[in-house]
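Me: I would like to go through some labels used for a structure and ask what each one rests on. Please set each value against its cut-off.

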Amino acid sequence: MTTPLDYDRFDHVRPIRWTGDALELLDQRKLPFTVEYVRCTGSDEVADAIHALTVRGAPAIGIAAAWGVVLAARSVEVGEGGAAAAQLEPALQRLNAARPTAVNLAWALARMRGVLVGAGPDWRQVLEREAQAITDEDLAANRRMGQSGAALIAPGSGVLTHCNTGSLATAGFGTALGVIRAGVADGRISRVFAGETRPWNQGARLTVWELQQDGIDATLIADAAAAHLMASGQVQWVIVGADRICANGDTANKIGTYALAIAARHHGVKFMVVAPSSTVDMATASGDLIAIEERDPAELLQFRGERVVAEGVRAWNPVFDVTPHTLIDAIVTERGVVERPDTSAMRVHFPA
Ligand code: MRU
């Protein structure tokens, strides 16, 4: 078994850098051909970057928002945390509104609010330490999930993943892609397939690039090829991340995940969701209560800024869907593995 330290050689990309006076975000709109960091010096810039998908992926947007609060604190002149909290609230609200589906955003902002309560004159340092803790804990959780998720996979297996759930979407290592990194490092995974993830192409532009940086061989497929791939017998697991996992295990993730889960069940392929506890929302009972983000139809009607669909045609662009817990074989969090998730199985790891 490979130790977590050995995983370093499979994990080189970092999407978020705190410089001490600015937040640098690897611009995921420009990858894979341009590797460029955008510098944010205020919280509204961070909110805009989250909305524009400069930074994306549920854990990464939570981390970016936490650093956004640190930046917002620069323009607040008060002597203790309670007063700062009141003044910072509008900036926190704008960060929270940047994207609706991933619960990690609200979770990170709640943690930043929480540490201000009772903080004294050093409240700015308190905020900075909390943002760093959120970052460090995410990386540690991903490595732990990588090991426990990979342990579920029989040696020699093939896997299919969706969207980008890797270092680019987290503090590093990734969630579903972390399990794939660990599974490759441990020799359990022999074949990796990534769906292109229309319309924003996170799989095609980000996942296969990220894996290439780490020397992990992967094959891109069209989203529409997934069921055919499963029928061919080349994959034994579908492994995806999550933007919100409800109390009963229903899981919101990138649009197309639900269709993969249905196809997987039909073909006897196992379905694994990998996400840190910051993605678990025990306050939401089931998936029908999750707000699903709908983005500009232009993402469907255009390709690289150029219209490719006849003028006058309308498009509907929901960017997440909900996979019912009955289609999920295992939810892997840093607290452990929930097999055949439902409300009582979830409660074992996430008590009220
Ligand atoms: O719209 P995106 O690219 O932010 O969507 C990302 C996903 O759906 C990921 O699967 C999810 O956030 C988990 S990332 C570890």
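Me: Why is Arg244 called buried or exposed, whichever applies?
Reply: The relative accessibility of Arg244 is 13%. Buried means under 20% relative accessible area, exposed over 50%, and partly exposed in between, with a 1.4 Å probe and protein chains only. Arg244 therefore counts as buried. This is a predicted model, in which local features need pLDDT of at least 70 and side-chain atom pairs count only at pLDDT 80 or more, while totals for chains, interfaces and linings use all residues. Residues are numbered from 1 along each chain as its sequence is written, and side-chain values use heavy atoms, with hydrogens and water left out.

Me: What makes Arg244 and Asp281 a salt bridge?
Reply: The closest N and O atoms of Arg244 and Asp281 are 2.7 Å apart. A salt bridge requires a side-chain nitrogen of Lys or Arg within 4 Å of a carboxyl oxygen of Asp or Glu, so the pair qualifies. Arg244 lies in strand 8 (residues 244-246) and Asp281 in strand 11 (residues 280-281), so the salt bridge ties together parts that are 37 residues apart in sequence. Strands (E, at least two residues) and helices (H or I, at least four) are DSSP runs, numbered from the N terminus. Asp281 has a relative accessible area of 9%, so this residue is buried too.

Me: How do you know that Glu311 and Arg307 form a salt bridge, and which class of accessibility does Glu311 have?
Reply: Their closest N and O atoms are 3.7 Å apart, and the pair therefore meets the salt-bridge limit of 4 Å. Glu311 has a relative accessible area of 66%, so Glu311 is exposed. Arg307, at 31%, counts as partly exposed.

Me: Why are Lys30 and Glu36 placed in the class that they have?
Reply: Lys30 has a relative accessibility of 38% and Glu36 has 33%, so each is partly exposed. The two form a salt bridge, with closest N and O atoms 2.7 Å apart.

Me: How many salt bridges does a search of the whole structure find?
Reply: The search finds 18. Arg99, Glu293, Arg295 and Glu299 are linked in a network of salt bridges.

Me: What makes the contact between the ligand and Gln202 a polar one?
Reply: An oxygen atom of the ligand is 2.8 Å from an N or O atom in the side chain of Gln202. A polar contact is a pair of N or O atoms within 3.5 Å (within protein, one must be able to donate a hydrogen and the other to accept it, and residues adjacent in sequence count only if both atoms are side-chain atoms), so the distance fits. A polar side-chain atom of Lys254 also lies 2.8 Å from an oxygen atom of the ligand.

Me: What is known of the backbone at Thr197 and Asn201?
Reply: Thr197 has a positive phi of about 65° although it is not a glycine, and Asn201 likewise has a positive phi of about 65°. Thr197 is in the loop between strand 5 and helix 7, as is Asn201. Thr197 has 0% relative accessibility and therefore counts as buried. Asn201, with 11%, is buried as well.

Me: Which peptide bond ending at Pro199 is cis?
Reply: The bond from Arg198 to Pro199 is cis, with omega near 5°.
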